[in-house]
Amino acid sequence: MRVSVDPMSVQPGPSESAPANGGGGAGPDGRASAPVRTPVRQSGEGQADGGTREAVTAPAEALRPHAEAAFASELAALAEHDDRPRPARWRLSPWAVATYLLGGTLPDGTVITPKYVGPRRIVEVAVTTLATDRALLLLGVPGTAKTWVSEHLAAAISGDSTLLVQGTAGTPEEAIRYGWNYAQLLAHGPSREALVPGPVMRAMGEGMIARVEELTRIPADVQDTLITILSEKTLPIPELGQEVQAVRGFNLIATANDRDRGVNDLSSALRRRFNTVVLPLPESADAEVDIVSRRVEQIGRSLDLPAVPDGIDEIRRVVTVFRELRSGVTADGRTKLKSPSGTLSTAEAISVVTGGLALAAHFGDGVLRASDVAAGILGAVVRDPAADRVIWQEYLEAVVRERDGWTDFYRACREVTA
């Protein structure tokens, strides 16, 4: 006989640890302390049994707060002005979730900053997918903000983006389903007390959004663990003769790309369980410059780096270089180029500019210059020391050297290339 089990009645064992991406604050003795988990009373609408749920409170000095902590004021303002219908256990209506991601201005003048710069329809399709019984697969080349979008979707819908499974070649089946407290297991055998629920299992019982990052990096047989969860909305526990049934509000967001090495194709059975939304690269240089500037500004504030406007010209040059080499043609369409082996994504441009700002702050005058970004660009472009170096040198001589106003950039790049 199969019996349903409430995962919230399962007591986590001593082996359960805090999320790997959690930050740490400083204790009285100056040592780093773990993130604080505070029991939060949920109403019956937010949880199957109306009990308590652990919520993560970001420490004051967290290097990278979770989205629900970093943008708590915007989420609260949206909830206050949101009078549209909300799906079961959603913190915001689909319209408010889309506004949170795309940005806007509320009736009281509160400005919601855009988290994603791209076609509005893509965000609307992603949000409405999560309001149905279909799971969402965010697909795209590396650096198209798949992880960023999935985190903010979970934060806006469930108020918790930490129910996360990070996909790697070594991700075991237990990471998706559940594990065991082996001390309890050896002492008393399989029991509810010995069961340690995973993020997906917790999301099913609480009616929340679970996230699986880099789904295609997970071995194929482990991927297929999701088939029953997504089709039957149940998670069998054969050791106990029980199952967990998902409550309303549960859904899953997965991210994947097929450009990196070590990719495991999704089975057709699993792919059918997802509604796939492809996140494209930015359509224009201006849009990509805007994305890079916004994200670098956010990162820079947490690191006390110079303001982005001081280096907007260098940001535009970095973006131009990446877009031209990525597309294999110059911006004016006159010169065809060879593309290097790297992806040269928007995320890599953000990394190059952030590194350049750090150089300018600590070893320069605080203003981002060509010499600050040259080494970062070289590292991003030249992944294959033989082939990519030739492509980069040809680009410098044929394009950068002849471009008006780029003399300082050419000299800085030639210096680090030599």
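Me: How many bridges join strand S13 to strand S14?
Reply: In this predicted model, strand S13 covers residues 234–237 and strand S14 covers residues 242–245, and the two run antiparallel. Within this pairing, leucine 235 stands opposite valine 244 of S14. The number of bridges that join S13 to S14 is four.

Me: Which residue in the turn between S13 and S14 has a positive phi?
Reply: The two strands form a hairpin, and four residues lie between them. In that turn a positive phi of about 65 degrees belongs to glycine 241.

Me: What is the order of the strands in the open sheet of five strands?
Reply: The pairing in this open sheet is parallel, and S8 and S15, for instance, pair in that sense over four bridges. The edge strands, each of which pairs on one side only, are S9 (164–166) and S16. Read across the sheet, the order is S9-S12-S15-S8-S16.

Me: Which residue of S15 is the bridge partner of leucine 139?
Reply: S8 covers residues 135–139 and S15 covers residues 251–256, and these two strands pair in the parallel sense. The partner of leucine 139 in S15 is alanine 256.

Me: Why do the buried residues of H4 line one face of the helix?
Reply: Helix H4 spans residues 120–130, and its buried residues are Ile122, Val123, Ala126, Val127, Thr129 and Leu130. Seen down the axis of H4, these residues line one face because they fall within an arc of 160 degrees.

Me: Which strands of the sheet does H4 touch as it packs on the sheet?
Reply: The buried residues of H4 pack against several elements, including helix H3 (94–102) and helix H5 (146–158). On the sheet, the direction of H4 makes about 165 degrees with that of S16, and the strands that H4 touches there are S8, S12, S15 and S16.

Me: Which helix supplies the largest share of the largest nonpolar core?
Reply: The largest nonpolar core has 37 residues, and those with the most contacts inside it include Val321, Ile377 and Trp392. At least two residues of this core come from each of the helices H12, H13, H14, H15, H16 and H17. The largest share, seven residues, comes from H15.

Me: Which residues is isoleucine 377 in contact with, leaving aside its neighbours within four places in sequence?
Reply: Isoleucine 377 is among the residues with the most contacts inside the largest nonpolar core. With its neighbours within four places in sequence left aside, isoleucine 377 is in contact with Val318, Val321, Phe322, Val352, Trp392 and Phe409.

Notes:
Residues numbered from 1 in each chain as written. Predicted model: local features only at pLDDT ≥ 70, side-chain atom pairs only at ≥ 80, totals over all residues. Heavy atoms only, no water. Core = buried A, V, L, I, M, F, W, Y, C linked by side-chain atoms within 4.5 Å. Buried < 20%, exposed > 50% of the residue type's maximum accessible area, 1.4 Å probe, protein only. Contact = heavy atoms within 4.5 Å. Pairing = 2+ DSSP bridges. Arc of directions from axis to C-beta. Axes fitted to C-alpha atoms, helices over the stretch in contact; angles between N-to-C directions.
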